[in-house]
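Hello,

Here is the structure I promised to pass on. Please have a look at it first, and then read my notes underneath.

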Amino acid sequence: MNIKIYTDGACSGNPGIGGWGVILLIPEKKPIYLNGGLKDTTNNQMELTATIKGLEYFSKSENIKIFTDSKYVMNGIESWILNWKKNGWKTANKKPVKNKDLWINLDIQKSKHQVTWEWVKGHAGDKYNEKADQLARKFIEE
């Protein structure tokens, strides 16, 4: 089964109040919407959290395609994380990796599934990317 997950994070102020939104598209089922947030967070933390929450939803291994408008998340999990692990969670500039706990959690969640990644341009009319953004902003606006 090929599952699609659309994720987005949003923040009012950076840091500030932030939200995350996830849409799970499971074949032959209605879309599932998840969202939440934190009072003191960053946009990148919400982007990472959205992706983690989407993957955590599934208790058994699945084939999943994640759609994100965050190059930070995509580049981080597909390439940067390999060097961060090798270098003791330090960046190329020998500084501690920001959001290390979230990156570790995302790496763990990703390892439970067969995951492919696709970047989508944000705010460009993609139906599910726009809906994920609305879900993320819902927490900020409440």
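The notes below cover one strand residue and then one helix.

This is a predicted model, in which local features need pLDDT of at least 70 and side-chain atom pairs count only at pLDDT 80 or more, while totals for chains, interfaces and linings use all residues. Residues are numbered from 1 along each chain as its sequence is written, and side-chain values use heavy atoms, with hydrogens and water left out.

Let's start with Thr68, which belongs to strand S4 (residues 63-68); helices (H or I, at least four residues) and strands (E, at least two) are DSSP runs, numbered from the N terminus. Thr68 counts as buried because its relative accessibility is 0% (buried means under 20% relative accessible area, exposed over 50%, partly exposed in between, with a 1.4 Å probe and protein chains only). Apart from neighbours within four places in sequence, Thr68 has contacts (heavy atoms within 4.5 Å) with Thr7, Glu47, Met74, Glu118, Trp119 and Val120.

Met74 also appears among the buried residues of helix H2, together with Tyr72, Val73, Gly76, Ile77, Ile81 and Trp84. The cover over these buried residues includes helix H1 (43-56), S4, helix H3 (100-111) and strand S5 (114-119). H2 bends by about 60° at Trp80, the bend being the angle between axes fitted to the seven residues ending there and the seven starting there.

Leu82 is in H2 too, but counts as exposed because its relative accessibility is 53%. Following H2 comes Gly88, with a positive phi near 65°.

Enjoy exploring!
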